[in-house]
Amino acid sequence: MSSGADFRLDRTIGRGLSHEEAEAEKTGYWADKSLEERFSVVNYLNSVAYGYDINNPPRMDKTVGGSRKHEY
């Protein structure tokens with residue numbers, strides 16, 4: 001797992017894309033990255049967005065929700 005020091009979020013960049021521009025982006029930078037690299041970046045961005053330490057993410061609350069057997 002990455003420490004977060006490998007990535008740096010540039011908050012000065014951002015723009016809306018048209019559908020055609022978004023499709024063209026798919027064949028760009030991220031197309032060359034492995035699935036593991038992409039998941040590492042997503043993990044980092046989630047830690048920034050939700051304010052948790054990337055090496056110590058919060059535990060899932062398993063008390064919410066539930067399951068039940070369906071009777072047919």
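## What comes after H2

Right behind helix H2 sits Gly51, with a positive phi near 70 degrees. Keep in mind that this is a predicted model, so read the angles and distances here as computed from it.

## Helix H2 itself

H2 covers residues 35-50, which makes 16 residues. Does its length add up, or not? At 1.5 Å a residue the helix should span 22 Å, and its end C-alpha atoms are 22 Å apart, so the two figures agree.

Which residues of H2 are buried? They are Val41, Asn43, Tyr44 and Ser47. Looking down the axis of H2, these buried residues fall within an arc of 155 degrees, so they line one face of the helix. Turned away from that buried side is a face with the exposed residues Leu35, Phe39, Ala49 and Tyr50.

## Two partly exposed residues on H2

Arg38 belongs to helix H2. Its relative accessible area is 36%; that lies between the 20% limit for buried and the 50% limit for exposed, so Arg38 counts as partly exposed. Leaving aside residues up to four places away in sequence, Arg38 touches Trp30 and Lys33.

Ser40 is in H2 as well. With a relative accessible area of 21%, Ser40 is partly exposed, given that buried means under 20%. Ser40 and Asp6 are 34 residues apart in sequence, yet their C-alpha atoms are 9.6 Å apart in space.

## The largest pocket

How much space lies in the largest pocket? About 560 Å³. Its lining has 19 residues, and the closest to the pocket centre are Arg8, Leu9, Tyr29, Trp30 and Val41. Val41 is also one of the buried residues of H2, while Trp30 is one of the residues that Arg38 touches.

Which element gives the most to this lining? That would be H2, with 6 residues. As for chemistry, the lining residues divide into 10 nonpolar, 8 charged and 1 polar.

## Tyr29, in the loop before H2

Tyr29 sits in the loop between helix H1 (19-26) and H2. Is Tyr29 buried or exposed? It is exposed, with a relative accessible area of 53%, where the cut-off for exposed is over 50%. Tyr29 is also among the residues closest to the centre of the largest pocket.

For a sense of distance, take Tyr29 and Pro57: they are 28 residues apart in sequence and 27 Å apart in space, C-alpha to C-alpha.

Note on methods: Residues numbered from 1 in each chain as written. Predicted model: local features only at pLDDT ≥ 70, side-chain atom pairs only at ≥ 80, totals over all residues. Heavy atoms only, no water. Helix = DSSP H or I, 4+ residues; strand = E, 2+ residues; numbered from the N terminus. Expected span 1.5 Å × (residues − 1). Buried < 20%, exposed > 50% of the residue type's maximum accessible area, 1.4 Å probe, protein only. Arc of directions from axis to C-beta. 1 Å grid on protein atoms, 1.4 Å probe; cavity = no way out; pocket = protein on both sides within 12 Å on 5 of 7 lines; lining within 4 Å. Points joined across faces, edges and corners; volume = space filled by probe spheres on them. Nonpolar A, V, L, I, M, F, W, Y, C, P; charged D, E, K, R; others polar. Contact = heavy atoms within 4.5 Å.
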